[in-house]
Amino acid sequence: MAVQTVVAPRRDSAGEPTPEVTKRRRRWRSGWAGYVFLAPGFALFVVVLLIPIARAVQVSFYQWLPFPGADNTFVGLDNYTRAVADPQFRLGLVNAIVYMLVTVPGQILLGLGVALLLHQRLPGRSLFRVLFYLPVITSWVVVSLLFRYLFATDSGLVNWVLVDVLHVAGHPVGWLDSRWTGIGALSILGIWKGVGWTAVILLAGMTGVPRELHESAAVDGAGYFRRTWHVTLPALRRTLLFLSVMLVIGGFNVFISVLLMTAGGPAGETEMPLTYLYKQAFNFLEFGYGSAIAVIMTVLILILSIGQTLIANRAERGE
Amino acid sequence: MTLDTPRLRRTRTIARIGALTAGAVLMIGPFLYMVSTSFKPNMLALEWPPRFIPRPATVANYVQAWSANHFAQYFANSVLVACGTTVATTLFAALAAYGFARFAFPGRTLLFWTMMLGLMVPGVVILIPQFLVARSLHLTNSLSGLVFFYVGGGMAFNTFLLRGFFERMPRELDEAMDIDGAGPVRRFITLYLPLSRPALATSAIFAFLGSWDEYSWAFTSINDPDRYTLPIAIAQYQGQHATSWGLVFAASLIGMLPVVLVFLLGQRHVVSGLQTGALKA
């Protein structure tokens with residue numbers, strides 16, 4: 001009651017709700033009003049996401065041409081069998097898996113380091129936070145172009161540091177001119193852009209770790225590193241699971257950076273599944289084939305996410 | 001008990017600041033180098049060894065980036081799209097979140113989880129069917145078409161965010177207003193909207209950032225150069241002036257300005273939004 005009078009001072013006659021009022025309230029609460037509030041947003045969601053999801057599945061069974069009045073023939077699973085046998089798609093898949101294997105642990109470990117350093121009181125902490133978050137909020141287009149410039153063979157800053165400053169390379173490396181160095185450069189960009197985000201999430205998780213646990217561990221003589229290993233990390237298990245699921249999804253979805261840094265080149269060597277499906281659809285107008293790849297990727301991502309969650313849950317129960 | 005002498009603690013703090021500074025240099029270095037290049041005359045952008053302080057420094061890239069190639073037009077397009085998306089996303093998501101949070105109706109849980117599908121399906125994967133749907137609705141190659149798709153695409157996350165906030169608001173306030181005879185619309189406007197300003201700000205900021213920076217859909221659905229938004233224009237710039245990095249970065253930095261401004265002004269909201277899972281995947 002006190003809360004009500006503070007926030008709604010216009011009310012002068014307080015009192016328990018009468019049966020009549022309760023009935024009136026229940027009537028609109030359970031009625032159409034909910035649908036009305038929901039309608040505009042949900043309608044947009046249906047048109048922009050739900051219908052396209054269904055449409056992707058449908059189109060993937062056709063030889064689909066994106067012209068008005070085109071004669072689209074049903075081909076069953078042909079697009080899927082074609083994808084499974086397509087060496088370029090397989091290469092893209094391997095590339096994405098390598099990219100994921102590098103960027104997921106990279107972002108988690110470095111993000112964990114940053115979060116641990118930022119978690120305690122420290123002069124200049126908020127400034128450091130801003131600096132680490134800046135790559136996170138900057139557009140993929142800008143950072144991809146920037147990294148293309150940094151990794152340029154003849155004039156790039158990275159090669160200058162390697163050759164002239166650290167003397168670890170005798171001559172400039174053609175980063176974006178071959179498969180693994182190209183994926184290396186893309187991975188470095190992915191980690192650099194994502195570390196701030198994993199650090200934010202981990203910092204949020206760390207505020208949930210009870211202080212007493214740390215204190216009692218300290219009383220027992222555990223040093224900082226042992227406390228981190230035995231107290232902080234176990235408490236962060238759910239956060240780490242969330243992060244690894246999200247980062248695996250993100251890794252499979254690498255797109256803009258590939259498009260703008262290597263364009264999948266040289267000769268398709270750094271192609272990723274999404275850049276490949278994009279080219280199939282919008283350069284070669286193979287909408288059916290592109291959609292089949294899209295469905296395969298979605299299913300793969302779903303399986304991986306569910307698999308990770310199940311494994312993590314089993315590990316938790318096993319202890 | 002471990003012995004934490006003041007000296008040991010100070011050494012540790014210094015070591016931590018050292019490690020963070022090294023990290024921060026790696027994070028910020030590329031941006032500083034970009035700023036430096038944007039002030040270099042074009043022939044010096046590919047100079048070896050690289051020079052960090054441009055000499056001679058020039059603003060020619062900024063002048064050229066802004067005045068040539070319809071850049072002002074692209075900037076205006078982006079402002080229009082981002083503002084439209086921000087207002088519409090926040091409004092529709094708030095309405096939907098209110099519906100989910102405060103009304104009981106058949107199918108509520110099902111509808112909510114259907115909507116949450118939108119959080120799991122990543123953008124580029126459904127670009128093809130989205131293009132087909134947009135074309136049959138005559139929403140390709142138009143700025144309002146962009147807004148339409150951005151708002152629909154942001155509905156899942158923002159509804160999720162705001163529903164959580166509305167549900168944590170004390171029911172007593174709502175009931176008190178109800179007794180006073182305020183209908184659901186009035187309660188929404190005079191109670192829920194004002195009290196959820198922090199959540200609305202977070203939602204608005206991410207709707208703005210997301211649409212300001214969006215590339216894949218804009219690149220796919222817009223053909224007419226008059227309707228380019230900044231990300232497409234900047235990427236095209238690089239394609240056309242392959243070695244004019246100063247120009248490309250001047251354009252990029254102009255495009256980043258609103259983002260940095262929003263970030264610095266609404267830092268608290270940005271951080272809380274990131275924690276909820278915004279901007280990833």
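This is a short spoken tour of a predicted model with two chains, A and B.

Hi everyone, and thanks for coming. Since the structure is a prediction, let me begin with its scores. The model has an ipTM of 0.91 and a pTM of 0.89. For chain B, the mean pLDDT is 87, and 96% of its residues reach 70 or more.

Let's start with chain A. It has 319 residues, of which 40% count as buried. If you look at its secondary structure, you will find 15 helices and two strands. The domain assignment splits chain A into domain 1, covering 17–59, and domain 2, covering 78–318. Between the C-alpha centres of domain 1 and domain 2 of chain A there are 37 Å. And here is a number about how the chain folds back on itself: take the contacts in chain A between residues at least 6 apart in sequence, and 67% of them join residues at least 24 apart.

Now let me zoom in on one residue, Val143(A). Where does Val143(A) sit? You will find it in helix 7 of chain A, which runs over residues 140–150. Is Val143(A) buried or exposed? It counts as buried, because it has 25 C-beta neighbours inside 10 Å, and 20 or more is what a residue needs for that label. Who are its partners? Once we set aside the neighbours within four places in sequence, Val143(A) is in contact with Pro135(A), Thr138(A), Leu189(A) and Lys193(A). There is also a pairing across a long stretch of sequence: Ser257(A) is 114 residues away from Val143(A) along the chain, yet their C-alpha atoms are 8.1 Å apart in space.

Staying in chain A, please turn to a pair of helices. Helix 10 covers residues 211–219 of chain A, helix 11 covers residues 224–235, and the two pack at an angle of about 145° with their axes 10 Å apart. The crossing of helix 10 of chain A past helix 11 of chain A is right-handed. Which residues make the contact? From helix 10 of chain A come Leu213(A), His214(A), Ala217(A) and Ala218(A), and from helix 11 of chain A come Arg227(A), His230(A) and Val231(A). Sorted by class, this contact between helix 10 and helix 11 of chain A has four nonpolar, two polar and one charged residues.

On to chain B. Here too there is a division into two domains: domain 1 is 6–62 and domain 2 is 64–276. The C-alpha centres of these two domains of chain B lie 32 Å apart. Each gives eleven residues to the contact between domain 1 and domain 2 of chain B. On the domain 1 side, helix 1 and helix 2 (60–67) of chain B are the elements that give two or more residues, and helix 1 of chain B has the largest share, with four. That domain 1 side of chain B divides into six nonpolar, four polar and one charged.

Finally, let's bring the two chains together. How many residues does each chain put into the contact? Chain B gives 84 residues and chain A gives 80. On the chain B side, helix 1, residues 6–38, provides the largest share, 13 residues. So we meet a familiar element again, because helix 1 of chain B also had the largest share on the domain 1 side of the contact inside chain B. By class, the chain B side that touches chain A has 60 nonpolar, 15 polar and nine charged residues.

That's my tour, and I'm happy to take questions.

Terms used. Residues numbered from 1 in each chain as written. Chains lettered and ligands numbered in written order. Predicted model: local features only at pLDDT ≥ 70, side-chain atom pairs only at ≥ 80, totals over all residues. pLDDT = per-residue confidence, 0-100. Buried ≥ 20, exposed ≤ 12 C-beta atoms within 10 Å, placed from the backbone. Contact = placed C-beta atoms within 7 Å. Nonpolar A, V, L, I, M, F, W, Y, C, P; charged D, E, K, R; others polar. Domains from an automatic or database assignment. Axes fitted to C-alpha atoms, helices over the stretch in contact; angles between N-to-C directions. Left-handed = near helix turned anticlockwise from the far one by under 90°.
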